[in-house]
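User: I am new to this structure and would like a close look at its interior. Please set out how its parts pack together, with an outer site or two for contrast.

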Amino acid sequence: MNFDLSDEQKLIEQTAREFTDGEIMPVAGENSENHFFDRELVGKIAAQGFLGAIVPREYGGAGLDYTTYAIICEEIGRGCSAMRTVVSVQTSLVCSTILKWGTEEQKQRYLPLLCSGEWLGCFGLTEPGTGSAAANQKTRAAQQDDGTWLINGAKMWISLGNNASLALIFAQTDPSLGHRGLACFLVETDQPGFMPSEITAKMGLWASDTAEIALDDVTASADSMLGEVGDGFKVAMSALDSGRYSVAAGCVGLARASLEESIAYANERTQFDRPIAGFQLVQAMIADMVVKTEAARLLVYKAGSVKDAGRPSTLETSIAKYYATEAAVWCSDKAIQVHGGAGYSREHPVERYYRDARVTTIYEGTSQIQQLIIGRAVTGQDALKPMTVENA
Ligand code: COS
């Protein structure tokens, strides 16, 4: 077992680190304060190849492996969770899904536009009444005589929804079939029935574009489906296998940012005639941040190595997502504690880290959903299905 990064990975890490220090860190706080979705910064991220890291070069991507993708997510997540959310949605939920399920025509049409950042994509699974029970889609798709589909319904909490040119929309084609009636459509958003509106009343991720989308007779062509009718749920779950991984990797960055700010502040701030970094109880918080950050990174790399080997990675991804997101919440909370009153003020970035971390244990599957996936995998018992033990 080798824990060292390859020379190429070290180089990409250094590039992503310098990019984050130079381009993201200086504007992250201001963009957050202004609730500003920085489309220009997204363009710069794309120009680095960071929006199509895992997409093969023939489709405009960088052709990197999943471990290297995690390194990029960690660095961007260290600078700004809103921008890391862009990377996660665009690269994992949208590009990796088109890559896995798309026809050759769909890949050639959309992937270059997405990797270059010319187009943004969004992932329309969650609905006002449908969160964890993702199969229970209320959005309906009906095929017309000419083969086109008409989609009606509503989507909620959709990152990039106001800026996306392409939307993956999940819809039910036949409610009697349950999850086997679901389909995923590639919807081009420049049509009147696609009506996004911004959700502003959020605890964190103020610099992120979050939308509620009304779908009123939205049309999708006959060849716009990812997979077949009935594949929709699997398309969604496989997308989340990649998305949750990138969230986990971004949270390693968020935990690390919390740690680095805490070390710097604890060495600078004096109380009782010495830097507070010299106090054992402060060191205990910092030591626990180190351990959680390092453990989260190792779990992400483990999941990445399973993905790079081409094996099913749902369990490893859920373990990494569960641990890393909870670690980011914990570390950003303790970073505020280390900063004391200063951490409670907007003058220091740890306040933003704390607010931005909070959604990560919720979006792309709550911590409780990750626990159910892990528990089901190791016990063989599905908490969401009738019991299989005869004497239960
Ligand atoms: N990849 C591909 N297919 C998968 C899969 C995966 N990771 N996980 C499950 N499937 C398939 C199963 O093989 C099964 O296929 P069949 O129909 O052929 O039997 C089908 O999908 C149904 O799977 P399962 O029985 O596990 O579905 P459940 O209804 O029990 O749901 C959970 C499982 C709870 C894990 C799922 O609904 C989930 O992840 N919910 C959270 C949704 C979420 O993350 N929302 C956030 C939206 S994005 S911000």
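Analyst: A site at the surface serves as a point of reference: Leu 281 is exposed, with a relative accessible area of 71%, where exposed means over 50%, buried under 20% and partly exposed in between (1.4 Å probe, protein chains only). This is a predicted model, in which local features need pLDDT of at least 70 and side-chain atom pairs count only at pLDDT 80 or more, while totals for chains, interfaces and linings use all residues. Residues are numbered from 1 along each chain as its sequence is written, and side-chain values use heavy atoms, with hydrogens and water left out.

Leu 281 lies in helix α7 (residues 280-308); helices (H or I, at least four residues) and strands (E, at least two) are DSSP runs numbered from the N terminus. Its C-alpha atom is separated by 32 Å from that of Gln 370, 89 residues apart along the chain.

Turning to the interior, the largest nonpolar core has 113 residues, and Ile 45, Met 83, Ile 98, Phe 123, Ile 151, Phe 185 and Val 300 touch the most other members. Such a core is a set of buried Ala, Val, Leu, Ile, Met, Phe, Trp, Tyr and Cys residues joined through side-chain atoms within 4.5 Å. Helix α6 (residues 232-268) supplies the largest share of this core, 16 residues. In soluble globular proteins, nonpolar side chains tend to be buried together. Leaving aside residues up to four places away in sequence, Val 300 touches Ala 70, Tyr 245, Ala 248, Ala 249, Val 252 and Ala 320, contact meaning heavy atoms within 4.5 Å.

Helix α6 also packs against another helix. Its axis and that of helix α10 (residues 350-358) come within 10 Å and cross at roughly 155 degrees; axes are lines fitted to C-alpha atoms, for helices over the stretch in contact, and angles run from 0 to 180 degrees between N-to-C directions. The two helices are therefore roughly antiparallel, since angles over 145 degrees count as such, under 35 as roughly parallel, 65 to 115 as roughly perpendicular and the rest as oblique. Leu 254, Ala 257, Ser 258 and Glu 261 of α6 meet Val 350, Tyr 353, Asp 356 and Ala 357 of α10.

Two of these contact residues, Leu 254 and Asp 356, are touched by Ser 81, as is Leu 205, not counting residues up to four places away in sequence. Ser 81 belongs to helix α4 (residues 81-101) and is buried, at 3% relative accessibility. Leu 205 sits in the loop between β6 (194-198) and β7 and, at 7% relative accessibility, is buried too. Its phi is near 50 degrees, a positive value in a residue other than glycine. Most residues other than glycine have a negative phi, and most peptide bonds are trans.

A positive phi of about 50 degrees is also found at Phe 272, which is not a glycine. Phe 272 lies in the loop between β9 (270-271) and β10 (274-275), where, at 72% relative accessibility, it counts as exposed.
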